[in-house]
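Trainee: Could you take me through one part of this model closely, in one connected account?

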Amino acid sequence: MKTAVDIRALTLGDLDAIEDIEHNSYDTPWSRSMFAGELAKPASLCLGAFEGEQLAGYLIVSRYVDAWHIMNIAVSPDFRRRGIATALIQRLFELTDDRSRRGYTLEVRVSNDGAISLYERLGFTARGIRRGYYTDNREDALIMWREPGG
Ligand SMILES: CC(C)(COP(=O)(O)OP(=O)(O)OC[C@H]1O[C@@H](n2cnc3c(N)ncnc32)[C@H](O)[C@@H]1OP(=O)(O)O)[C@@H](O)C(=O)NCCC(=O)NCCS
């Protein structure tokens, strides 16, 4: 079942709900101050997917040079497999395509099959491996890219 969500910019008032989802999504969650830092950066784009007033998921993206880097994406466990992460990334493409000369990139744990298939469906392809990138368990990161315009 797909969920109709509103996608809008995150604000500091969303930090409690962000933390809640973050802690339910990652073994090594970002701190509150990391989110606050991204919200304050002009080069970052921070989007939330809301069902009514409830935050269902978020996407944090930073622009470095000519590429957009997906820094964090998470959806509340109760809202997964309803197209919310897809809707967030598609909104990113709509908002940024004219400002993205090199496209979009991200790192993902090589074991995160669900996220990798999400990204592949959205046009990302694997371009390399960063050995031991994740400091908690030295897991490798898969580096993925998507060209501007698909
Ligand atoms: C990865 C994550 C953001 C996906 O969010 P989501 O809203 O459930 O994703 P969508 O519903 O848009 O999924 C779209 C497609 O991606 C693939 N996909 C997403 N999650 C998947 C999973 N757990 N297993 C297998 N395929 C998956 C499927 O092809 C899915 O389509 P389908 O449901 O029609 O089969 C969510 O599972 C999450 O928050 N995980 C924990 C945090 C995380 O790993 N983030 C990524 C770090 S790089």
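Mentor: Buried here means under 20% relative accessible area, exposed over 50%, and partly exposed in between, with a 1.4 Å probe and protein chains only; helices (H or I, at least four residues) and strands (E, at least two) are DSSP runs, numbered from the N terminus. This is a predicted model, in which local features need pLDDT of at least 70 and side-chain atom pairs count only at pLDDT 80 or more, while totals for chains, interfaces and linings use all residues. Residues are numbered from 1 along each chain as its sequence is written, and side-chain values use heavy atoms, with hydrogens and water left out.

The part I would choose is strand S7, residues 141-146: six of its six residues are buried, so the strand is largely enclosed by the rest of the structure. Ala141, Ile143 and Trp145 point one way from S7, whereas Leu142, Met144 and Arg146 point the other way, and all are buried.

Turning to its neighbours, two strands count as paired if DSSP finds at least two bridges between them. Strand S5 (residues 103-109) runs antiparallel to S7 and is joined to it by six bridges, with Ala141 in S7 as the bridge partner of Arg109. Strand S6 (residues 125-130) also pairs with S7 in the antiparallel sense, over five bridges, and here Gly128 stands opposite Ile143.

S5 has a further role in the picture, since S5, helix H2 (32-40), strand S4 (67-75), helix H3 (84-96) and helix H4 (113-121) each supply at least two residues of the lining of the largest pocket.
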